[in-house]
Amino acid sequence: GGSKGVGKALWLHDTIPGDAPGMFGVGIMAEKGAELQLEGMLGESLRGSGICLVGPGTSVTAVDVVVRGTKTNEAGEHGCGLELWKQAEAKLERVVLENNRFAGLYAAMASTVELANGLIRDTGPDNKSHGGYGLNIVGGSTAAVTGTLIEDSYGLGVGLANPDSEASLEATTVRRTEKAGDFSLGSGVEAASGSRASLYGVALEGNATAGVAAYDSGTVVELRWSTISNTHSDKTGSFGYGLVASGGAMAELTSTLVHSNRYGGLVAGGAGTKIVADGVAVRDTNPSVQGAGGAGIWIGNGGEALVSNSLCSANTLAGIMVAGPNSEAVVHRCVLRDTLAGDSIGTARGANVFDAGSLAITETVIHNNAGFGVSVMDGGTSVVLQESIIRDTLPGSAGDYGTGLQAIGGCDVVVADSILKNNRRVGLSAYDLGTTVAVTDSAVLNTRANNLGPGIGLGVSDGAAATVSGSLVDGNEGAGLASFGEGTTLHVER
């Protein structure tokens, strides 16, 4: 307590462990309330930790400092560039942490970090394949990072865990994180176990498996004015999410661009998991290397999503997909467009809902998708389309379909105050026993032919039931209404 160390223009290098217990070869050790000031320092090839601070009141202020090439201790562990324990504090400016092990910067046990205009890169795992984190915040610690580049980590770019652990990143880039060993995914930013990450003006580029990952109940990730792009599959060819949330985590995105990722742009799975997106563009999502996925937004296994004032464009499998019991999504004032399937898929969907999922679409435009504007399948699945437009749906790669809205397999669909226009073959189709469709105060217009036959405005068959009231069916090439098959019912009024 009260001790103070000041270092300027230092070169610390090539330390080795001592004979006494606890003499690990650390470059600088401060503890028990000591204060450390560093300016113009290079630390390289140190052991266990480049700089280590322990205890309440212990602090470091570092300017123009480089710590690189830190080696693991004799047990093959650690190797951090800078680590803080037990409420230690660090204020860092123009600090470079490169080619360290386990973590470039590690904060544990309610420690605090401020980092401005820094560089953290080439962080690898220790000799036991643990870590590889550029920045690791755990145990109720907090970090505020601005104007910093975190790149080429081999584990996680930024990793958070435990309740009360928080990190805010502003005007920062996290890129090219790769998976190393079996203990991490290679995500750009990962928050778990009730931690919180706030990303403002952050670019997440070219990471592996996920640009952003949020796991576990109580975990919150917030993104504003940020981009998540070019996330690639891992070495097995799996995943490549822009953002994935599961296990009850919450993700909130505002004014953010999510593009050119794989498998799913935004993905939520598991009871209590929720994505809230406003003013977000999700586009150009491709399948994983294994050929799976390609949805812009994918909600499953009981997850939830609220998407407003947003764009889903040029995704490969679906603009939005909702699947599984208790999986729910609301899409409000959005555009779902240009979903184009490759030959391996054949068709795509602006919106795809199945396996007892639920989707409400309001004040939304769905257009120029290949295959189906909206596809609804399976018993227990429900869709409400209100004050929305489905138009200009294109045939799939085989020249078939082009349906505006398809309901099959026992699902329930409500269409109100909406327009289905310039679709192919069938504007609105309902198939199979148990499928119900209710259309009120809507219009089905100008359905055109595909390679299977002329355009039908509304077609009901194979035991499905449809009611149409207060609506206009006009200008369809083949028939306005078509009903056939045993048990099929079509009721038209007003």
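A residue counts as buried when its relative accessible area is under 20%, as exposed when it is over 50%, and as partly exposed in between. With that scale in hand, the salt bridges of this predicted model can be read together with the surroundings of their partners.

The whole structure contains 15 salt bridges, and one of them joins the side chains of E98 and R68, with a nitrogen-to-oxygen distance of 3.8 Å. These two residues come from distant parts of the chain, since E98 belongs to strand 7 (residues 89-98) and R68 to strand 5 (residues 59-68), with their positions 30 residues apart in the count. The acidic partner, E98, is buried because its relative accessibility is 14%, whereas R68, at 32%, falls into the partly exposed class. The contact is also part of a wider arrangement, in which salt bridges with shared partners connect E44, R68, E98 and R121 into one network.

A second pair, R175 and E151, meets through its side chains at 2.8 Å from N to O. Here too the bridge links distant parts of the chain, R175 being in strand 16 (residues 173-175) and E151 in strand 13 (residues 149-151), 24 residues apart. Of these partners, R175 is partly exposed at 25% relative accessibility, while E151 is buried, with a relative accessible area of 6%.

The third pair to consider is set in loops: E363 and R333 form a salt bridge whose closest N and O atoms are 2.7 Å apart. Because E363 lies in the loop between strand 36 (358-362) and strand 37 (365-367), and R333 in the loop between strand 33 (328-332) and strand 34 (335-337), the pair ties together parts that are 30 residues apart in sequence. Neither residue reaches the exposed class, for E363 is partly exposed at 32% relative accessibility and R333 is partly exposed at 47%.

From the charged contacts we can turn to the internal space. The structure holds one cavity of 30 Å³ or more, and the volume of the largest cavity is about 50 Å³. Its lining is made up of I51, V60, A62, V65, V67, L82, L92, V95 and L97. Strand 5 and strand 7 are the elements that contribute two or more residues to this lining, and strand 5 supplies the largest share, with four residues. In chemical character the lining comprises nine nonpolar residues, with no polar and no charged ones. Strand 5 and strand 7 thus appear in both parts of this account, as they carry R68 and E98 of the salt bridge and also give residues to the cavity lining.

Notes. Residues are numbered from 1 along each chain as its sequence is written. This is a predicted model: local features need pLDDT of at least 70, side-chain atom pairs count only at pLDDT 80 or more; totals for chains, interfaces and linings use all residues. Side-chain values use heavy atoms; hydrogens and water are left out. A salt bridge is a side-chain nitrogen of Lys or Arg within 4 Å of a carboxyl oxygen of Asp or Glu. Buried means under 20% relative accessible area, exposed over 50%, partly exposed in between (1.4 Å probe, protein chains only). On a 1 Å grid over the protein atoms alone, a cavity is a set of points where a 1.4 Å probe fits but cannot get out, and a pocket is an open set with protein on both sides within 12 Å along at least five of seven lines; lining residues have an atom within 4 Å of a point. Grid points are joined across faces, edges and corners, and a volume is the space filled by probe spheres set on the points. Ala, Val, Leu, Ile, Met, Phe, Trp, Tyr, Cys and Pro count as nonpolar, Asp, Glu, Lys and Arg as charged, and the others, Gly among them, as polar.
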